[in-house]
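Student: I am new to this protein and would like to go through it slowly, one question at a time. Could you show it to me before we begin?

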Amino acid sequence: MTRHILLFLSACAVILLSPRVYGHFATMTHSRVTIEPSGDVAYTLQVSASDLSEALALPGHRAATVEEIRAGEDRLFEYFLARLRIEADGAPCPLERRGAGNVEDIEIKAELRFVGRCPAKARAVDIVYDLLFDHDPQHLGLLELTHAGGTARFEFTRTARRYRVDLLAAAPRRPLAVAGLAALLLATAAITTKGWLARRGGGPRGEG
């Protein structure tokens, strides 16, 4: 009996602590970001069609259709880029559009592609994210960021709207050392092989 009560209480806790606090599933976006050696910050943002009603000024807060997403490209960029910011050493990086479209996977999503033109010698890059929190306090922005051969993941929330990348700390020093060691080993192997061939080839000539 006690076991059944514990299972029931556990199930209640899961329900109460799930993102359905406000009577709906929490909204969620996906951001894929790559910081290039040139300093450019390539950004791909995916937003569910069910979360585009305000950006596209749709009546009744309904989900957008594929045709509406494609036709509303300018509206989507205007809406979302006004709420996203990329900074390098505290200064804003100009944002340029790279295209938009839709993704049809488990659900329809709008996909916006743009780039932040940041200086190549920046010491730190910040991504400041302020999407959908005014409509959904439980909103979650999933970030996957790639830089210098490594990938980091972060979750933007109402209380965590900024993600900083220390570009100097992320510099790939270890691969350079490994490359140097590999070159040394190859050179040593070449010298050893050359010496072995010389000794083998020199033997018969000495005997003649």
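Student: Is R153 buried or exposed?

Tutor: This is a predicted model, in which local features need pLDDT of at least 70 and side-chain atom pairs count only at pLDDT 80 or more, while totals for chains, interfaces and linings use all residues. Residues are numbered from 1 along each chain as its sequence is written, and side-chain values use heavy atoms, with hydrogens and water left out. Buried means under 20% relative accessible area, exposed means over 50%, and partly exposed lies in between, with a 1.4 Å probe and protein chains only. With a relative accessible area of 62%, R153 is exposed.

Student: Which residue forms a salt bridge with R153?

Tutor: A salt bridge here is a side-chain nitrogen of Lys or Arg within 4 Å of a carboxyl oxygen of Asp or Glu. The closest N and O atoms of the pair that includes R153 are 3.4 Å apart, and the partner is partly exposed, with a relative accessible area of 32%. That partner is E144.

Student: How many residues apart in sequence are the parts that R97 and E73 tie together?

Tutor: R97 and E73 form a salt bridge whose closest N and O atoms are 3.0 Å apart. R97 lies in strand β5 and E73 in helix α3, where helices (H or I, at least four residues) and strands (E, at least two) are DSSP runs numbered from the N terminus. R97, at 40% relative accessibility, counts as partly exposed, and so does E73 at 25%. The parts that this pair ties together are 24 residues apart in sequence.

Student: Which residues of helix α3 are buried, and which elements help to cover them?

Tutor: Helix α3 spans residues 73–81, and its buried residues are L76, F77, Y79, F80 and L81. Counting a contact as heavy atoms within 4.5 Å, the cover over these residues includes β2, α2, β3, β5 and β6.

Student: Which element gives the most to the largest nonpolar core?

Tutor: A nonpolar core is a set of buried Ala, Val, Leu, Ile, Met, Phe, Trp, Tyr and Cys residues joined through side-chain atoms within 4.5 Å. The largest one has 39 residues, and those with the most contacts inside it are Y43, L45, L52, L76 and F80. Among the elements that give two or more residues to this core are β1, β2, β7 and β10. The element that gives the most, with five residues, is α3.

Student: Why is β7 largely enclosed by the rest of the structure, and which residue of β7 is the bridge partner of I86?

Tutor: Six of the six residues of β7 are buried, so the strand is largely enclosed by the rest of the structure. A124, D126 and V128 lie on one side and V125, I127 and Y129 on the other, so that both faces are covered. Strands count as paired if DSSP finds at least two bridges between them, and five bridges join β7 to β3, the two running antiparallel. The bridge partner of I86 in β7 is I127.

Student: Over which residues is the pLDDT below 50?

Tutor: The pLDDT is the predictor's confidence in each residue, from 0 to 100, and the protein chain averages 79, with 69% of the residues scoring at least 70. One stretch below 50 has ten contacts in the model beyond near neighbours in sequence, and another has four. The stretch with ten is residues 3–24, and the stretch with four is residues 170–208.
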